[in-house]
Amino acid sequence: MSTYQSITDAMHNGSVTGIENSSSIKVYPHSLSESGDVKLVMIKNKGIKYLVATGKGPLFDDLQGEAEGSTKICPLTHENRLVLNKYFDYTVPRAFGTQGSTIGLGDRLGIASPGHLKTIKGRGVQPVLAQQSIRELNLTGRDYKQVMDAAAYAVFQEGYKDGYGADGDHLKVEADIELALGLGFTMLTLDCSEYIDNSVEALSAEAQAAKYAELPEATRSHYEQRYLDQSFDCGGSTFSFDKATIIKNVLIYGPAVDFMEHVYNTYIKNVGREIDFEISIDETATPTDPESHFLVAKELYSRGLTIYSMAPRFIGEFQKGIDYIGDIAKFEEELIIHSNIADDFGYKLSIHSGSDKFSVFSIIGKHTKGRFHVKTAGTNWLEAVRTVAKVKPDLYRRMHQYALDHFEEATVYYHVTTDLSKILPLNQVKDEDLNETYMEENNARQVIHITYGILLQAKDEQGKSLFADEFFSTLNDQEEAFEQSLIKHIGKHLDLLGK
């Protein structure tokens, strides 16, 4: 235990700042905490992070690790994360409610949250750190326990006490909803795409009417009595519903509204704690008409639901990892209406695939009046790849070529309009130009963006990782460089959003 003697002595004196980075050990000074007569700090020794506990008391006894005398070295396990949650409330995720600004910072790698916390500190925006979909978990080989563990340990490492959220993102299956809530997630994003009929828009009016006539009479009567030939004022706009409009909206969204109500009454209402319940209707073939947004919201609140946020599909393209594509003036015109609807009902407007949409961030910040939820995820992975391109160009080159070779496989999961012919061949780019050539070019960004799962799980014939081990080792060695990339990149998002 002599290796840790200087750390434990400093802990007893109330400061570990002076011994940071002594010998082979890095100390995270913001993590220094105490409960009763026990003091606790996070360190990194030979690339692996641990908790170091010293003193006597329940916290010391509950932590699992190797003890000698009054010092215990504890690995960052799931069990020890639960111990942190028990003794330090700020490491437990929380619901934020409908006021203020929140940003979803989905960390696919489990190592980005310290940089995220450094980025948002003091900016008046609240972070949802643990944010992953089942698709992302499957592609990265992680699970929700690991996602929560990584977020909580990051909060402890940074001594961040202003609260963070945990989002079971784009959940569709009830078993997954139950799992996420059971693990303590504080936000649920309900993906209603499987209950939204994308074929309706292409049908003729006659075909829509015929399909509508096949619905149960009780369903048709419900919507017609509530909306037919009626007008509603909401957020400065008036929404009117004739028979054709009702038919189209009920066919497209009716089953989805029923699903929302079922999930709310079965899970959200009965979980026994506050949950930020987000509705996602953005996975549709066409943009969400403001009148459709209004009808869905009106139905939900008429049925006794309250929600945290709603994500419509906006006009234009919100593709992964690149800026907004479309008519910005038209986007602003419709965003104002969508924002006013959300404001009138009292929930936030949520922006999905919200990373890198620099040309419209100021518009979003302005018209939501700072009450928004913006989701990012893959852009944090791209910043990790950017870091690798700078410090280990050979690894980047191998990953880049593999991503190109397997790009079509990834398009099954994500909609992009990537033109591979516009990506400069690797043999024409110098090492020092990799970052500028590929990480700043939309087509190359999208190739790397959507192949993360393929790259992270790629193995050779002997079952050995092709990239992941070297990738994580590089980022572990370049921890500060990765953090600085995140601070610069996510900071740009927040600057433009007005935070």
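A salt bridge here is a side-chain nitrogen of Lys or Arg within 4 Å of a carboxyl oxygen of Asp or Glu. This is a predicted model, in which local features need pLDDT of at least 70, side-chain atom pairs count only at pLDDT 80 or more, and totals for chains, interfaces and linings use all residues. Residues are numbered from 1 along each chain as its sequence is written, and side-chain values use heavy atoms, with hydrogens and water left out.

By the salt-bridge rule, the count comes to 30. Three of the pairs are listed here.

| Pair | Closest N to O |
|---|---|
| Glu-470 and Arg-398 | 3.0 Å |
| Arg-303 and Glu-261 | 2.9 Å |
| Glu-299 and Arg-303 | 2.8 Å |

Helices (H or I, at least four residues) and strands (E, at least two) are DSSP runs, numbered from the N terminus. Glu-470 lies in helix 20 and Arg-398 in helix 15, so their salt bridge ties together parts that are 72 residues apart in sequence. Buried means under 20% relative accessible area, exposed over 50%, and partly exposed in between (1.4 Å probe, protein chains only). Glu-470 is partly exposed at 23%, and Arg-398 is partly exposed at 32%.

Arg-303 takes part in two of the listed pairs. Of its partners, Glu-299 is buried, at 0% relative accessibility, whereas Glu-261 is partly exposed, at 23%. A network of salt bridges links Lys-26, Lys-44, Lys-49, Glu-479 and Glu-480.

Helix 20 spans residues 468-477, and its buried residues are Ala-468, Phe-471, Thr-474 and Leu-475. These residues lie on the same side of the helix, because they cover an arc of only 135° around the axis, taken from the directions from the helix axis to the C-beta atoms. The face turned away from that side carries the exposed residues Asp-469 and Asp-477. Among the elements covering the buried residues are helix 14 (378-391) and helix 21 (479-497).

Lys-348, in strand 14 (residues 348-351), is buried yet has no salt bridge. The nearest side chain of opposite charge (Lys and Arg positive, Asp and Glu negative; His and the chain ends not counted) is that of Asp-276, 6.7 Å away. The Lys-348 side chain does reach the backbone oxygen of Gly-100 at 3.2 Å. The side chains of Lys-348 and Thr-102 are joined by a polar contact of 3.0 Å, a polar contact being a pair of N or O atoms within 3.5 Å; within protein, one must be able to donate a hydrogen and the other to accept it, and residues adjacent in sequence count only if both atoms are side-chain atoms.

Conventions
Contact means heavy atoms within 4.5 Å.
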